[in-house]
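Thanks for making the time this morning. I would like to walk you through one structure, moving from its charged pairs to its strands and then to a few residues in the loops.

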Amino acid sequence: MKNKRALIVLTALLFSMTVSCSAQSSNALIGKWFFEDFNGYLSLIEFTRTQMLIRNLEDDDDDTETMSYQADSATITADGETMRYTIQNGNVLTLTTPDGEKYIGKKLQSNVTALSGKYELVNDAGLIETLEFTNKSTVRGTADALGMGTARFTAKYKISGSQVELSESSGGYGTIYLEIIGDSILKGNTFGGFGDDSIFVKR
């Protein structure tokens, strides 16, 4: 009898552990998420505790749609629509619409104080194609040489708040300011003030 009772208790304990391990908390949504394709656009979605902010990064007016939302461990309801969601490894968010469309986003780290690695242009806007931050002050880049090939340059950079300033370019690109949207997204005008903003994604 004791063995049977112990088996029941053990089974219940294992079941509760399985449920708690597989359940996800809606608190894990809070933060900024980058989607390379959200309704066909490069987008940033930020969750606060009560609001969902959607920003189309390809919109140079930087308009942000803000709406209240509610979430449980599996669904998000905003603007009358309910989507299912899953979070993997704490940094990959998959949103699934009622009609089965899936959007996958990566969590961004805020308050960036250093940049490293290679960032690639993803929206075909601007002359600069890649930026590689090699140390705390130097960035190497490649640019489209007016359709005749690829030009390489080196520049200095410094971070101030949520902005990075590129200057002293060996390619003569002047001073360029880029917004640091997160640790892996940079956005700004690389046309010398003309044209659309360039969007660079860390690869």
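**Salt bridges, strands and a buried aspartate**

Let me start with E179, which at a relative accessibility of 29% counts as partly exposed. Please keep in mind throughout that what you see is a predicted model.

The partner of E179 is R55, and the two form a salt bridge in which the closest N and O atoms are 3.0 Å apart. R55 sits in strand β3 while E179 sits in strand β14, residues 176–182, so this pair ties together parts of the chain that are 124 residues apart in sequence. On the R55 side the relative accessibility is 11%, and R55 therefore counts as buried, whereas E179, as I said, is partly exposed.

How many salt bridges are there in total? The count comes to 3. One of them joins E36 to R203, with the closest N and O atoms 2.8 Å apart. Because E36 belongs to strand β1, residues 31–38, and R203 to the segment after β16, that contact ties together parts that are 167 residues apart in sequence. E36 itself has a relative accessibility of 40%, so it counts as partly exposed.

R203 also meets the side chain of E120 in a salt bridge, with an N to O distance of 3.8 Å. Here again distant parts of the chain are linked, since E120 lies in strand β9, residues 117–121, and R203 in the segment after β16, 83 residues apart. Through these shared partners, E36, E120 and R203 are joined into one network. E120 has a relative accessible area of 32%, so E120 is partly exposed.

Let me turn to the strands. In the barrel, 8 strands close in the order β1-β2-β3-β4-β5-β6-β7-β8, and the pairing is antiparallel. If we ignore direction, neighbouring strands of this sheet are turned by 30 degrees against each other on average. To take one pair from that barrel, β2, residues 41–47, and β3, residues 51–56, run antiparallel and are joined by 5 bridges, with S43 standing opposite N56 in β3.

Further along the chain, β11, residues 138–144, pairs with β12, residues 150–160, in the antiparallel sense over 7 bridges, and V139 stands opposite A155 in β12. These two strands form a hairpin with 5 residues between them, and in the turn L146 has a positive phi of about 50 degrees. Strand β12 is joined in turn to β13, residues 163–167, by 5 bridges, again antiparallel, and there Y157 stands opposite L166 in β13. This second hairpin has 2 residues between the strands, and G161 takes a positive phi near 65 degrees.

Which charged residue, then, is buried yet has no salt bridge? That is D197, whose nearest side chain of opposite charge, K187, is 4.3 Å away, and since a salt bridge requires the nitrogen and the carboxyl oxygen to be within 4 Å, the pair does not qualify. D197 is found in the loop between β15, residues 185–188, and β16, residues 198–202. A polar atom of the D197 side chain does lie 3.5 Å from the backbone nitrogen of N189. Leaving aside its neighbours within four places in sequence, D197 is in contact with D60, N123, A125, K187, G188 and N189.

The loop between β15 and β16 also holds T190, which is buried, with a relative accessible area of 5%. The T190 side chain makes a polar contact of 2.8 Å with the side chain of S198. Among the residues that T190 contacts beyond four places in sequence are A125, G126, I176 and F200.

That brings me to G126, in the loop between β9 and β10, residues 128–133. With a relative accessibility of 17%, G126 counts as buried. Leaving aside neighbours within four places in sequence, its contacts are L121, T190, F191 and S198, so to speak of T190 and S198 is to name two residues that touch G126. Finally, the C-alpha atoms of G126 and A143, which are 17 residues apart along the chain, are separated by 8.8 Å.

Definitions and conventions
Residues are numbered from 1 along each chain as its sequence is written. This is a predicted model: local features need pLDDT of at least 70, side-chain atom pairs count only at pLDDT 80 or more; totals for chains, interfaces and linings use all residues. Side-chain values use heavy atoms; hydrogens and water are left out. Helices (H or I, at least four residues) and strands (E, at least two) are DSSP runs, numbered from the N terminus. Buried means under 20% relative accessible area, exposed over 50%, partly exposed in between (1.4 Å probe, protein chains only). Lys and Arg count as positive and Asp and Glu as negative; His and the chain ends are not counted. A polar contact is a pair of N or O atoms within 3.5 Å; within protein, one must be able to donate a hydrogen and the other to accept it, and residues adjacent in sequence count only if both atoms are side-chain atoms. Contact means heavy atoms within 4.5 Å. Two strands pair if DSSP finds at least two bridges between them. Axes are lines fitted to C-alpha atoms, for helices over the stretch in contact, and angles run from 0 to 180 degrees between N-to-C directions.
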